[in-house]
Amino acid sequence: MKQATLGPLGPVSRLTLGGGGIGQIWGEVTREEAEATIAAAIDGGIAVLDAAPGYRNCETFIGEVFDGRLPAGVKVTTKHSLGTVPVGEAAGRLTASLDASLAAMRLPRVDLFFLHTNISPDGFVYAHGADRQAQVATTWTQYAAEVVPAMERLKADGRIGAWGITGIGVPDAVLAALAHDPKPAAVQAIANLMDSPGALNRYGVPPRPREIIAAAKAARVGVMGIRAVQAGALTRAIDRTLSANYPDQKDYDRAAPFRALCANWDEDPAMIAHRYALGIEGVDTLVLGVKNRAELRQCLEAEAAGPLEGAQVAAIDALGLRAYPG
């Protein structure tokens, strides 16, 4: 598998195994198949495992598969969904979450520890679910005054190799974090042909993921691309039941012209979506949401095939799916 440089963390595989699918939150998968998928990913050349407590059983499965003895060169991430908490509590909550993750994965440290919640400007009110905003978003003041110093201490203590942020929040706040000093070592940014975070966009303004990726590269911050198939919206069929008004279902409906184009090419939409995402400038490694070995094999084939040709990218972009639907 080809490699890229993930900011200051050095070389990584172009694909990362994400924890959502194998953690049993994206569709159905047995424990045995999830653990077999983890092992198959390593055998296939994937050298980054992207975990989080929110991915249900992912961290436990990693612990069971490797029993604390990771293969040489394999990097592991985890995260904490902090939100906005009472002043002075961020460091303790981050540390407690990290302790639990390390115990579950049977590891003494992780290579990357992410703030898993959005970053929002002080005083910004989310368009959707404002009553839950403190659970899903960390204010800028708490990020700068508490999260950054806490992450730097964990790094100095050797508990983490580096830290990062989730680049899905209010774009102005994410861009401010990429310019702030100290800055994160990596950012997880939306990387799909619709430029869509789907249901993750609770803030209600255009997400601007390519601007975020470009800013990260200019700041020498590594970029992990996420949601290549936009939670199933860019596949032949979504693997779970959603309401007609749910954002990911609406994206699936809006992506009908993309599926028609893939049918004309006699190609699987998921394969094309992954190859498109791998070709987005600035994406160092693409996080997979696969849940079984069959889905993993397709992604390995997509990486081996390489990014799409320019004419194919132009044909997809001409569909107009990157326009923010509001």
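Trainee: How do the residues lining the second largest pocket divide by class?
Mentor: This is a predicted model, so read every value as computed from it. Charged residues number seven in this lining, and polar residues also number seven. The nonpolar group is ten. The division is ten nonpolar, seven polar and seven charged.

Trainee: Which residues lie nearest the centre of the second largest pocket?
Mentor: The pocket holds about 470 Å³ of space. Its lining has 24 residues. Those nearest the centre are Gly198, Pro247, Tyr324, Pro325 and Gly326.

Trainee: What is the volume of the largest pocket?
Mentor: Its lining has 48 residues. They divide into 20 nonpolar, 17 polar and eleven charged. The volume is about 1200 Å³.

Trainee: Which residues are closest to the centre of the largest pocket?
Mentor: Start from the 48 residues of the lining. Two of the closest sit together in the numbering, Ile25 and Trp26. The full set is Gly20, Ile25, Trp26, Arg227 and Ala231.

Trainee: Which element gives the largest share of the lining of the largest pocket?
Mentor: Elements that give two or more residues are H1 (19-22), H5 (133-136), H11 (269-278), strand E12 (285-288) and H12 (293-305). The largest share is three residues. It comes from H12.

Trainee: How many cavities of 30 Å³ or more does a search of the whole structure find?
Mentor: The largest cavity holds about 30 Å³ of space. That value sits at the cut-off of the search, 30 Å³ or more. The count is one.

Trainee: Which residue in the lining of the largest cavity is polar?
Mentor: The lining consists of Gly167, Ile168, Ile190, Tyr203, Pro207, Pro209 and Ile212. By class, six are nonpolar, one is polar and none is charged. Ile, Tyr and Pro count as nonpolar and Gly as polar, so the polar one is Gly167.

Trainee: At what angle do the axes of helix H10 and helix H13 cross?
Mentor: H10 covers residues 256-265, and H13 covers residues 310-317. Their axes come within 10 Å. The crossing is right-handed. The angle is roughly 145°.

Trainee: Which residues make the contact between H10 and H13?
Mentor: By class, the contact has five nonpolar, one polar and no charged residues. H10 brings Phe258, Leu261 and Trp265. From H13 come Gln312, Ala315 and Ile316.

Trainee: Which residue is the polar one in that contact of H10 with H13?
Mentor: Phe, Leu, Trp, Ala and Ile count as nonpolar, so five of the contact residues fall in that class. One contact residue is polar. It lies in H13, and its name is Gln312.

Methods. Residues numbered from 1 in each chain as written. Predicted model: local features only at pLDDT ≥ 70, side-chain atom pairs only at ≥ 80, totals over all residues. Heavy atoms only, no water. 1 Å grid on protein atoms, 1.4 Å probe; cavity = no way out; pocket = protein on both sides within 12 Å on 5 of 7 lines; lining within 4 Å. Points joined across faces, edges and corners; volume = space filled by probe spheres on them. Axes fitted to C-alpha atoms, helices over the stretch in contact; angles between N-to-C directions. Helix = DSSP H or I, 4+ residues; strand = E, 2+ residues; numbered from the N terminus. Left-handed = near helix turned anticlockwise from the far one by under 90°. Contact = heavy atoms within 4.5 Å.
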